Amino acid sequence: MKYSELRTPSYIVQEGALVKNLEILKRVREEAGVKILLAEKAFSMYRVYPLIAGYLDGTTASGICEARLAHEEFVRPGTQEGAGPGPGRPENHVFEPAYKTEEMWELCGICTHIYFNSLAQLELHRPVWEPCQRAGRLGIALRINPEFSTQEDHAIYDPCAPGSRLGIRRSQLPERLPEGVTGLHFHTLCEQGVGPLIRTFRSIEKNFPEYLRQVRWINMGGGHHITRADYDVPRLIAFLREVKERWQLEIFLEPGEAVALNAGTLITKVLDIVETEDMPTLILDASAACHMPDVLEMPYTPPLLGALEARSPAEAASCVSGNAAPDDSGERRGRWVRLASRTCLAGDVIGLYRLPEVPETGDVLTFGDMAIYSMVKNNTFNGMLLPDIVLEHDSEAEDRFEIVKQFGYRDFKERLS
Ligand SMILES: Cc1ncc(COP(=O)(O)O)c(C=O)c1O
């Protein structure tokens, strides 16, 4: 397919950008001697799992569905078997705050590592996992809560926030870890650099040293923005090597965002332009609520190709007064527009953007960084159809766009009765 033949809205995942991220992660794996897993919750476009499996050690699932997906689809190039127990296969890890017994049976058959969020869950499911663990087929870990917060902006993404249900607190751990536990897990970061990771681990070294000595491996969770341009990769590598050496532990990282950061766009068409009191409001065929829920949930304002500036909807007043603000060259240019959706939700606004010119009805706009936490979270509220999923191959050819999936009315209907 050529670009001009694509429908809107469409998520377009760029193979070239994905590979660039994967090369960085592979460097960390190799130079630090650690294992890196794809956190499927961020990006589960399994059409590219074989590509990712060529670079990473496996996946980490949030529950039975993602674990099954990895088992079926996370296949190394040139092989047949997906993530799961068995020599040479990618690893299949799973963490869920609480499991159902019927799921535990299946998880024990397809996973290589299972993480528990409480001692009660560990013991409840012991009759199911213990035989597999004894047979050497399964790693068992406890998730700890280091009670060491490094985030200020997003309490909703902070597992160390007061009242958190995620992870076992130091005061709740017995002196000796229960029989069968061979690993520890912590996940406390969100879109952060190496500094907060190091500070967090130092607090774990201080408060949990006896437990670090009782296990063979540790998983440092996700939230590491390793593939962001300003991430200090050499410092990460040096830190991981030091931890490995000092504590004699096998180390896992399980980033989601970093795998597909800036590796996808969402194209959308302007359907109408409504003159509101402050600026033109464009109605798009993409929706924040349906197609990029994190824009409202985080919240954040996604990048838009060609925009001179972007602000959140809350900043409307400052945009109007800044409308004629001079740019770097002292020239006054551009016009603020509000980009909104055709759903009924008044707050379904993606952001305010200063553009060189006000787009016209029928124009196509491109939002950046739309591979992660987009298609895994989308929904059909108002009967909005889901965007097509497109893979842009790493090629110069005009027809480098492959339609991976198109959605229609049936996808909407089949979820409802
Ligand atoms: C346990 C766990 N691991 C890994 C991740 C992936 O995090 P990120 O996509 O920010 O790297 C998350 C995200 O919420 C998580 O909860």
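Helix H6, which spans residues 126–134 of this predicted model, has Arg126, Val128, Trp129, Glu130, Cys132 and Gln133 as buried residues. The cover over these buried residues includes helix H4 (101–110), strand S5 (113–116), helix H5 (119–124) and strand S6 (139–145). After H6 comes glycine 136, which has a positive phi near 80°.

One of the buried residues of H6, Gln133, reappears among the contacts of threonine 182, which, once neighbours within four places in sequence are set aside, touches Gln133, Gly139, Ile140, Val215, Arg216 and Trp217. Threonine 182 itself sits in the loop between strand S7 (168–169) and strand S8 (183–185). Is this threonine 182 buried or exposed? Its relative accessible area is 10%, and because that value is under 20%, threonine 182 counts as buried. The side chain of threonine 182 also makes a polar contact, at 3.0 Å, with the side chain of tryptophan 217.

**Domains and pockets**

The protein is divided into domain 1 (4–8 + 262–413) and domain 2 (15–260). Taken over C-alpha atoms, the centres of domain 1 and domain 2 are separated by 33 Å, and 20 residues of domain 1 are in contact with 19 residues of domain 2.

The largest pocket holds about 1100 Å³ of space. Of the 44 residues lining this pocket, Lys41, Ile156, Tyr157, His187 and Tyr373 are the closest to its centre. Strand S3 (58–61) and helix H12 (294–297) each supply at least two residues of the lining of the largest pocket, and the largest share, 3 residues, comes from H12. Domain 1 and domain 2 each give at least three residues to the lining of the largest pocket.

The second largest pocket holds about 430 Å³ of space. Of the 16 residues that line the second largest pocket, the closest to its centre are Ser44, Met45, Tyr46, Met375 and Ile389. Helix H3 (64–73) and strand S18 (401–405) are the elements that give two or more residues to this lining. At least three residues of the lining of the second largest pocket come from each of domain 1 and domain 2. The table sets out the volume and the classes of lining residues for each pocket.

| Pocket | Volume | Nonpolar lining | Polar lining | Charged lining |
|---|---|---|---|---|
| Largest pocket | About 1100 Å³ | 21 residues | 11 residues | 12 residues |
| Second largest pocket | About 430 Å³ | 11 residues | 2 residues | 3 residues |

**Backbone geometry**

Most residues other than glycine have a negative phi, and most peptide bonds are trans. Where, against that background, are cis peptide bonds found? The peptide bond from threonine 8 to proline 9 is cis, with omega near -10°, and proline 9 lies in the segment before strand S1 (10–14). A cis peptide bond also joins methionine 298 and proline 299, with omega about -10°; proline 299 is placed in the loop between H12 and strand S13 (309–311).

Glutamate 191, a residue other than glycine, has a positive phi near 55° and is placed in the loop between S8 and helix H7 (194–207). With 29% relative accessibility, glutamate 191 counts as partly exposed. Glutamine 248 likewise has a positive phi near 55°, and its place is in the loop between helix H9 (233–247) and strand S10 (250–253). Glutamine 248 has a relative accessibility of 60% and therefore counts as exposed, the cut-off being over 50%.

**Two residues of domain 1**

Lysine 269 lies in strand S11, which covers residues 264–275. Its relative accessibility of 32% places lysine 269 in the partly exposed class. When residues up to four places away in sequence are not counted, lysine 269 touches Thr8, Ile283, Leu284, Asp285, Gly362, Asp363 and Val364; one of these, Thr8, is the residue that precedes proline 9 across a cis peptide bond. The C-alpha atoms of lysine 269 and alanine 286 are separated by 7.6 Å, although these residues are 17 residues apart along the chain.

Tyrosine 409 lies in helix H14, residues 409–413, and, at 53% relative accessibility, counts as exposed. From C-alpha to C-alpha, tyrosine 409 and leucine 385 are 7.1 Å apart in space, with their positions 24 residues apart in sequence counted as the separation.

Notes
Residues numbered from 1 in each chain as written. Predicted model: local features only at pLDDT ≥ 70, side-chain atom pairs only at ≥ 80, totals over all residues. Heavy atoms only, no water. 1 Å grid on protein atoms, 1.4 Å probe; cavity = no way out; pocket = protein on both sides within 12 Å on 5 of 7 lines; lining within 4 Å. Points joined across faces, edges and corners; volume = space filled by probe spheres on them. Helix = DSSP H or I, 4+ residues; strand = E, 2+ residues; numbered from the N terminus. Nonpolar A, V, L, I, M, F, W, Y, C, P; charged D, E, K, R; others polar. Domains from an automatic or database assignment. Buried < 20%, exposed > 50% of the residue type's maximum accessible area, 1.4 Å probe, protein only. Polar contact = N/O pair within 3.5 Å; in protein donor to acceptor, adjacent residues only side chain to side chain. Contact = heavy atoms within 4.5 Å.
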